[in-house]
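Visitor: I'd like a close look at just one part of this protein. Could you pick a pair of neighbouring strands and walk me outwards from there?

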Amino acid sequence: MSTIFLILILLLGFLITFQIAKASEYVGILKGEKKNLEQNNRINGFLMIAFLVLGLIGVYWCNELYKGKILGESASDHGEKIDTMLHITIAITGIVFFITQILLFWFAYKYQYSEKRKAYYFPHDNKLELIWTVIPAIALTVLVGFGLLYWFHITGDAPKDALQIEVTGKQFSWIFRYPGKDNMFGKKYYQNINDEKDNSLGLLWDDPATHDDLVVNTTVYLIVNKPVKFIINSRDVIHDVGLAHFRMKMDAVPGTPTTMWFTPKYTTDEMRKKLNDPEFDYELSCDQMCGRGHFTMKGIVKVVTQPEFILWRAKEKPNYARVMADKTPAAPVQTDSTKTPTAKLNTEAPAKLVANAK
Amino acid sequence: MSNEATLHGHAEVGTSHEVHDDEHGVHHHKETFITKYVFSQDHKMICKQFLITGMIWAILGGLMSVLFRLQLGYPDSTFPWLEDILGKWAKGGKIQPEAYYALVTMHGTVLVFFVLTGGLSGTFANFLIPLQIGARDMASPFLNMLSYWFFWMASVVIMCSLFLETGPASGGWTSYPPLSALGGTSEGSKAGMDFWIIGMALFVVSSLLGGLNYITTILNMRTKGMSMTRLPLTIWALFFTAVLGVLSFPVLLSGLILLLFDRHAGTSFYLSDIFIASTKQALPNEGGSPILFQHLFWFLGHPEVYIIILPAMGLVSEVMSVNARKPVFGYMAMVGSLFAIAILAFLVWAHHMFVTGLNPFLGSVFVLLTLLIAVPSAIKVFNWITTIWRGNLRLTPGMLFAIGFVSLFISGGLTGIFLGNSTLDIHLHDTLFVVAHFHIVMGVSAFFGMFCGIYHWFPKMYGRYLNNTMSYIHFWVTFIGAYLIFWPMHYEGLAGLPRRYLDYSGWHSFNQFGDLNRFISTVAMVVFSVQLMFVFNFFYSIFKGRRVTSTNPWGANTLEWTTPIHPGHGNWPGEIPEVHRWAYDYGKDGREFIQQTEPIGANESKH
């Protein structure tokens, strides 16, 4: 009912506008084209300057309204550089923005048609044109210079002691793998992926390096002030590891691993206190369109202290241990394992997987 | 000059042109409804066909945005009437995720390709090229007709895809594989994606037929005295646009054909290491790279945004100069900057791919080249501002849209400097900042260029004026609305809100903008309804608008205003006029304007 009502109001409003428009057209004809033009010029010239003034107030007001909502201080060292770059860019583009917009609308108002004025024949001026070729070029050189300085730093090699974590995106969640004590990721092959058999990454159990690999879903733990390097993969379509608080982002591309590294500055607890928000968590968002659940593809990043991390790490069971609950780690391949199925997991899995593997 | 010949290349394509060579001017063919309005070879009619098809698409594309803005603004509400219209796509009155993604995908595809490429270039290249260079029609009126009908076929295919059971394509207008290659990953990647590829292939054909024709016409069919440096800037802009299209659209087509192979022929151009959860199946494809598609796509995709914006720049330059009663400032710099933009357009595509794992060094080269584009863009902006400086401005609706274009182009262009800088792109990539940036700089700006053109040349197209009051309302609501919608959206992007999310309420970091989203949605609906008023004004004025009484109502210099009020096929009744000067002698030697056809006087000052 209210919808119909709304449509009726809209139609009525439109009809009124139309009638006024028609009437003013007749009035315009009666008044004569020239007078009509002058009147329209006055109204629109005034609106131009009004738009400029109200627009500038609006820009200021909008900034006051939202500057507190744009995430605050960066939570990583790379993020600080990105924020500095942002401020430099805002300063330079801001100056250009205000100068050009003010000139544009001021001229539109000031030089509106008048019978007395003659337009000034001014086809070109090489000096002026040179000035506004060179000045933008210099400004851009500054921006490119700072930009590339930070860019190479951020995309450069991670420190050797960085915590290595493999991140894998899938429709529509995140899987994280830690290398374990050997500090080596075991081999994997995507044909071995089997969610029912708890091998979501397709790890090859006959590679001993996989045995201590820790695989967790959704929540990843990082150590505060310790560089972390993500090695990013995808299981199906392109995803993107988006870490708004750390200002970091990198695509997850199936078949082509990518990397990203940064150093978290504050633990989750510190951030909670800082923001006075007990429910705060660093969120990992998928930033590349990946299908119907794209907008729900969330991961949680817990930044903790070193001792907390060690404690957490000790509690978690490696993927291999979960799969081989009853098996001795030394004998992962058992062709007759079908005869001794465990209650929870079918141990046929590894045998078959290895057989399938290349 | 074979201008006379093309007039008659009408019923008998490519045959016996010489027969008519001695005849000039209005030559009444026996025209039926079909040859005049449907399979017309008159560039002016083809222009109107492009324009009206584009308008239909614009309404549909705009309506799509209203629907998904409804979801974004009111994620918790239900709208039962949506289910009445959309059925299962809006179960329970809520737009389903698949439907949301289909809507954004089609909104992008329709507006980028069918409205702002087909509708904008198609309309004004067809209309202005022959009229402003002094030709009776295009080099090949027949190919020109085919160009429209391929566009029409593409439109039909895309339109049909909206009614498929599995829905239209829904992987974004960029349709990145593997999402777009594998039906198992998304409903829209089933039949909808095939329709999308076929539709786009037809569109590419249309665009190539049109583009080749525009280039040939501009290079070969200028009237006597119309040297390249006497061309109005509209023609220069349309020329570079056509060159860009001809060189880049084939690359998109090749990318799409490889995608089609990956979908149906078992190839692995873009596929590798994929496990599909919905079917619990690991695909056999190995060794492909999805990034290859992105390279191919953006090799078109980036020039595409200039294909959209260059015609708008040309239209704005012309309309601004006419209504400022002053020559466009720095004509050669304007042409030079168009040229520079056209060249650079091909060298910056990978700035869309900074976070795909691209080699950082390669990324840095693209940063440099991308930010270089700001130099010619800055030259254009300063030249436009200087054009209105000390002018005698007639603030006609066309002029208002031209000024609005410059304002929006500045705002959107400056945020491009943020995104072109790879360091900032790490944070801003794929956030609403990008959405705000490109909507202002190529969406709304290009629309403003188009409106500016429509308002200015409507009298030439239909011999009547659009209603002024409705035009002014249209301008101010659209202009203010565009800023209200997209300015605050930058803040959402700075906060990291990812684009293509239909509901942010599940995110602790991103749920602080609920009010703003509602506000943006409301403004979007108001702006959309005003566009409907424009469409009404357009069609009403075709039949009932105030009549044009003189051949040159704006006091403009260019050749189209030397034709009769209702030019027939062939444009000039007698000889094609000869050109003696450039198009911008406004306010020279105390005269308000001097048409291009007037010979240089003995005492005339030089410019």
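Guide: Start with strand 9 and strand 10 of chain A, covering residues 282-286 and 298-304: they pair up antiparallel, with four bridges between them. Keep in mind as you look that this is a predicted model. To pin down one spot in the pair, find A:Glu283, which sits opposite A:Ile300 in strand 10 of chain A.

Now zoom out a little. These two strands belong to an open sheet of five in chain A, and the order across the sheet is 4-10-9-6-7, with mixed pairing. At the edges you'll find strand 4 (219-223) and strand 7 (248-252) of chain A; each has a single partner strand, so one side of each has no neighbour in the sheet. On average, neighbouring strands here are turned by 25° against each other, if you ignore direction.

There's another five-stranded open sheet to look at in chain A, also with mixed pairing, and its order reads 3-2-1-5-8. Strand 3 (214-217) and strand 8 (258-262) of chain A are the edge strands in this one, pairing on one side only. Its neighbouring strands are turned by 25° on average, again ignoring direction. Inside this sheet, strand 1 (residues 163-170) and strand 2 (residues 173-178) of chain A run antiparallel and are joined by five bridges. One bridge to spot there links A:Lys170 with A:Ser173 in strand 2 of chain A.

Step back again and you can place the strands in the whole chain. The domain assignment splits chain A into domain 1 (16-113 + 126-155) and domain 2 (163-356). Their C-alpha centres are 46 Å apart. The two domains do touch, though: eight residues of domain 1 of chain A are in contact with twelve of domain 2 of chain A. On the domain 1 side, that's three nonpolar, four polar and one charged residues.

Finally, back to strand 9, because the contact between the chains brings us round to where we started: strand 9 of chain A is among the elements that give two or more residues to the side of chain A touching chain B, along with others including strand 6 (239-243) and strand 7. In total, the contact takes 100 residues from chain A and 104 residues from chain B. Helix 4 of chain A gives the most to chain A's side, with 15 residues. By class, that side divides into 50 nonpolar, 32 polar and 18 charged residues.

Definitions and conventions. Residues numbered from 1 in each chain as written. Chains lettered and ligands numbered in written order. Predicted model: local features only at pLDDT ≥ 70, side-chain atom pairs only at ≥ 80, totals over all residues. Pairing = 2+ DSSP bridges. Axes fitted to C-alpha atoms, helices over the stretch in contact; angles between N-to-C directions. Domains from an automatic or database assignment. Contact = placed C-beta atoms within 7 Å. Nonpolar A, V, L, I, M, F, W, Y, C, P; charged D, E, K, R; others polar.
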